[in-house]
Amino acid sequence: MEEAVMKPTKKGGGRLCCICNLRRAALKRPKTLEQICRECFYEVFEEEIHQVIVDNQLFKPGERIAIGASGGKDSTVLACVLAELNRRHNYGLDLFLLSVDEGITGYRDDSLETVKRNEVQYGLPLKIVSYKDLYGWTMDEIVKMIGLKNNCTFCGVFRRQALDRGASLLKVDKVATGHNADDIAETVLLNILRGDIARLSRCTSIVTGEDGPIPRCKPFKYTYEKEIVMYAYFKRLDYFSTECIYSPNAYRGFAREFIKDLERIRPRAILDIIKSGEDFRISTSTKMPEQGTCERCGYISSQKWCKACVLLEGLNRGLPKMGIGRSSRGLNNDPKKDKDMKQSNGTKSIENKQCGSLDF
């Protein structure tokens, strides 16, 4: 942020905005390195997002759109910009805020207060769904059982499904998320490092989940994180800026630092990584997972049980690591082992609390 805001100029000096040539430049765009004034920055920032929406036909008039709202900078700016563009360009959309309460004391409870203020500020109805209601567990309870090593796996899987279930309650046509260019570049690198061909083939798509219950779109696909921060800062938007207390050592963090280092050397690197991801071609001989539905809850899954049901079953049996990595395969591929485990220790079965409380 500090790098992008221009230093005070000498008396009588100062560059003019390279776009309007009328007002004094107030910042240097991280994406293009242009020196522009605030007013022109707002205009080009919003216009670029509008162009992405139009070029990719992300929305249709009359659609109900849920904005995934965490209270952070990305989702807050997304709510602000989409509300403005919807009015300015007459998209004809019904917009809603959709939040997930993971049950993280001192983090999510505070950020949800921000979302509730955003509801009033932007005039958008808010729906909150919680892990406790859907799964019978909070993240605080999960971390207490499993520790900090694999907690992000549980949270990521549960959150993705919780968003879909909340979207079903709102009866929306699509979910818009605040994933930005930095996020997508990080995901490309992570999928390469993990050798995850299935995710690598779709992680740069601007619309995903079209074969699932509710599609998701990323209007910020080509928007730099630094510019989102600058927009929120100059507009004085109300957002929550604290990082999750359970993710200081998340694997993604290392990819994020690498992306930041690249950006400092060559800002264009972020878009180049996304372009590379878009141009990857998967060999026809590579076996891809076949999409089906979970036998337990009906959610999309390439296995007999979806990942959320596998993880939840492990938690309910007092065997939380059962759903992590290769150890989860026993549930999907070994019926005898699965049957034996159901009888162990008399722990409560997933039958008592299915993955989520809604059927797809």
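A contact is counted when heavy atoms lie within 4.5 Å. By this criterion, residues 24 or more positions apart account for 69% of the contacts in the protein with a separation of 6 or more. The structure is a predicted model, in which local features need pLDDT of at least 70, side-chain atom pairs count only at pLDDT 80 or more, and totals for chains, interfaces and linings use all residues. Residues are numbered from 1 along each chain as its sequence is written, and side-chain values use heavy atoms, with hydrogens and water left out.

The secondary structure comprises 14 helices and ten strands. These are DSSP runs numbered from the N terminus, with helices (H or I) of at least four residues and strands (E) of at least two. Of the 360 residues in the protein, 49% are buried. Buried means under 20% relative accessible area, exposed over 50%, and partly exposed in between (1.4 Å probe, protein chains only).

Nonpolar cores were defined as sets of buried Ala, Val, Leu, Ile, Met, Phe, Trp, Tyr and Cys residues joined through side-chain atoms within 4.5 Å. The largest core holds 43 residues. Phe-41, Phe-45, Ile-53, Phe-59, Val-77, Leu-82 and Tyr-231 touch the most other members. Two or more residues each come from H1, strand S3 (64–68), helix H2 (73–88), strand S4 (94–101), helix H3 (108–122) and H9. H1 gives the most, with eight residues. Another core, of 41 residues, lies apart from it. Its members include Leu-98, Ile-104, Leu-134 and Cys-294.

Aromatic rings were examined next. Rings of Phe, Tyr and Trp (its six-membered ring) pair if their centres lie within 6.5 Å; planes under 30 degrees apart count as stacked, over 60 as edge-to-face and the rest as tilted. The count comes to eleven aromatic pairs. One of them joins Tyr-42 and Tyr-231 edge-to-face, at 5.8 Å centre to centre and 80 degrees between the planes. Tyr-42 lies in helix H1 (residues 38–55) and Tyr-231 in helix H9 (residues 225–235), so the pair ties together parts that are 189 residues apart in sequence. Both rings are on buried residues: Tyr-42 has 16% relative accessibility, and Tyr-231 has 1%.

A second edge-to-face pair is formed by Tyr-131 and Phe-158, at 5.8 Å centre to centre and 85 degrees between the planes. Tyr-131 in helix H4 and Phe-158 in helix H6 are 27 residues apart. Tyr-131 is buried, at a relative accessible area of 0%. Phe-158 is also buried, at 0%.

Tyr-42 and Tyr-231 belong to a cluster of linked ring pairs that also takes in Phe-41, Phe-45 and Phe-220. Beyond four places in sequence, Tyr-231 touches Phe-41, Tyr-42, Phe-45, Glu-46, Val-77, Cys-80, Val-81 and Leu-237. The charged end of Lys-235 sits over the ring of Tyr-42, 4.5 Å from its centre. This label requires NZ of Lys or CZ of Arg within 6 Å of the ring centre and within 35 degrees of the ring normal.

Helix H5 (residues 139–146) was considered separately. Its buried residues are Met-139, Ile-142, Val-143 and Ile-146. Seen down the axis of H5, they fall within an arc of 95 degrees, so they line one face of the helix. The arc is that of the directions from the helix axis to the C-beta atoms. Helices H4 (131–135), H6 (151–170) and H12 (307–316) are among the elements covering these residues. Just after H5, Gly-147 takes a positive phi of about 90 degrees.
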